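Biologist: I should like to learn how to read this model. Please begin with the terms that the description requires.

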Amino acid sequence: MDYSREIEGKRVHDPYCNWPNDKISRSKRCVWVPGPVIVGAGPSGLAAAACLKEKGVPSLVLERSNCIASLWQLKTYDRLRLHLPKQFCELPLMSFPQEFPTYPTKQQFIHYLESYAKKFDIRPLFNQTVLCAEYDQNLGLWRVRATGLKEEETEYVCRWLIVATGENAAEVVPQIEGIEEFGGIIVHTSRYKSGDAFKGNKVLVVGCGNSGMEVCLDLCNHNASPSLVVRDTVHILPREMLGRSTFGLSMWLLKWLPMRLVDRFLLIVSWLILGDTGRFGLDRPQVGPLELKNLSGKTPVLDVGTLAKIKSGDIKICPSIKRLRHQSVEFVDGRSENFDSIILATGYKSNVPSWLKEREMFSEKDGLPKKPFPNGWKGECGLYAVGFTKRGLLGASMDATNIAQDIETCWKADAKHFSATFN
Ligand SMILES: Cc1cc2nc3c(=O)[nH]c(=O)nc-3n(C[C@H](O)[C@H](O)[C@H](O)COP(=O)(O)OP(=O)(O)OC[C@H]3O[C@@H](n4cnc5c(N)ncnc54)[C@H](O)[C@@H]3O)c2cc1C
């Protein structure tokens with residue numbers, strides 16, 4: 001079904017479109033959506049739409065960019081592959097093609113998502129940035145205000161609202177003293193494509209998560225000279241151990257052993273494979289990798305070859321930045337060094353508090369659901385969240401399945417009530 005055409009038609013006959021005393025002027029477009037509105041056409045939004053479709057519930061997906069999976073298509077570097085084996089990254093109801101490698105490339109993952117959208121006939125409305133979503137107590141409905149490319153506004157009115165804008169909706173850019181003096185290129189990893197553009201350059205990478213570590217490796221492979229700012233302790237684990245993926249092995253061990261013991265095991269095997277990472281300036285946190293992930297959401301780095309480059313001295317480790325000067329960086333230990341460019345691998349955050357006018361389900365501080373996993377997917381008054389579990393695509397798939405089941409119950413009850421009233 002072409003939803004945009006369908007809703008255009010409905011709008012004309014829509015009783016909600018011209019509310020008296022409405023804050024929004026009558027000239028603005030207003031659209032009644034019979035099923036849920038899903039904000040965001042990333043993997044989470046697509047998974048929610050597919051699970052609903054399978055239950056016979058139509059939905060409308062609103063996406064601010066001009067494509068599905070905009071994080072993957074527009075904001076990731078060329079050499080990116082899924083960090084976790086493919087069986088942990090599948091969306092519900094459709095497996096990866098058999099011929100895909102264990103760690104699919106970014107292009108393969110995008111291809112999979114495009115096939116997924118096609119299979120479930122998910123056609124998001126693109127270039128629709130949601131500015132505000134608010135529950136109208138009088139109507140018992142959600143009012144979702146979005147703007148298009150020409151800044152034309154549309155209000156979507158619906159009974160269910162599914163937040164799928166992701167944990168990575170906005171770049172985190174740190175305040176660094178002297179940033180305006182630096183003069184060289186300063187970019188966030190969301191705009192970094194390949195080390196090709198930095199050939200022969202001295203580059204400082206800020207942040208030692210999975211992206212920062214991999215960008216350093218990519219820079220090395222393109223004959224740049226990267227240095228890595230490590231401000232905090234970090235767990236680095238080999239991507240594979242004992243012939244299995246470290247993630248898969250951990251999940252399996254957790255079925256039989258307590259988390260502390262699995263952490264102990266991971267650290268011993270990592271030490272045997274990688275050696276003492278502290279010797280190279282990468283101290284480990286006191287708490288084990290899985291426990292830390294559970295407590296703070298901080299993901300361990302899965303090494304894909306960066307550590308060898310750190311050991312060989314091709315990648316240098318630096319302490320925190322004190323301030324920037326023209327083409328140079330002053331570190332907190334008093335040292336200064338010249339750099340051509342700086343890449344900020346400083347992560348992302350949720351943008352939910354900027355547009356969702358609701359303070360019960362989502363924390364204003366970090367834009368994530370307040371209820372801990374696995375209960376963060378459901379709020380009040382038909383509000384849902386998919387993909388905010390800090391558990392990647394696996395967590396998103398669980399949310400999507402739960403949400404579709406929950407909404408299906410109401411949808412079917414409504415349909416029964418409707419047919420009893422009108423037949
Ligand atoms: C570099 C990188 C590698 C990763 N690798 C893995 C991996 O291997 N395995 C794994 O499980 N996870 C991985 N992740 C985690 C990642 O979060 C998920 O893979 C996935 O992209 C999350 O999907 P999502 O739909 O929740 O969020 P996103 O993919 O961020 O999609 C959210 C969508 O919402 C849209 N949006 C945001 N705000 C608005 C608005 N106001 N109005 C309308 N639309 C809006 C965005 O444009 C975007 O398209 C990785 C993340 C990164 C950054």
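Modeller: Helices (H or I, at least four residues) and strands (E, at least two) are DSSP runs, numbered from the N terminus. This is a predicted model, in which local features need pLDDT of at least 70 and side-chain atom pairs count only at pLDDT 80 or more, while totals for chains, interfaces and linings use all residues. Residues are numbered from 1 along each chain as its sequence is written.

Biologist: Which helices and which strand each supply at least two residues of the shell around the ligand?

Modeller: They are helix H2 (43–54), helix H3 (70–74), strand E4 (129–136) and helix H11 (392–422). H11 gives the most, with four residues. A residue counts as near the ligand if its C-beta atom, placed from the backbone, lies within 6 Å of it. In this model 36 residues surround the ligand, and the closest are Gly-40, Gly-42, Gly-166, Gly-387 and Gly-392.

Biologist: Into how many nonpolar, polar and charged residues does the shell around the ligand divide?

Modeller: Ala, Val, Leu, Ile, Met, Phe, Trp, Tyr, Cys and Pro count as nonpolar, Asp, Glu, Lys and Arg as charged, and the others, Gly among them, as polar. The shell holds 17 nonpolar, 16 polar and three charged residues.

Biologist: Into which domains is the chain divided?

Modeller: Domain bounds come from an automatic or database domain assignment. Here they give domain 1 (3–169 + 349–422) and domain 2 (172–348). Two residues are in contact if their C-beta atoms, placed from the backbone, lie within 7 Å. By that criterion, 13 residues of domain 1 are in contact with 15 residues of domain 2.
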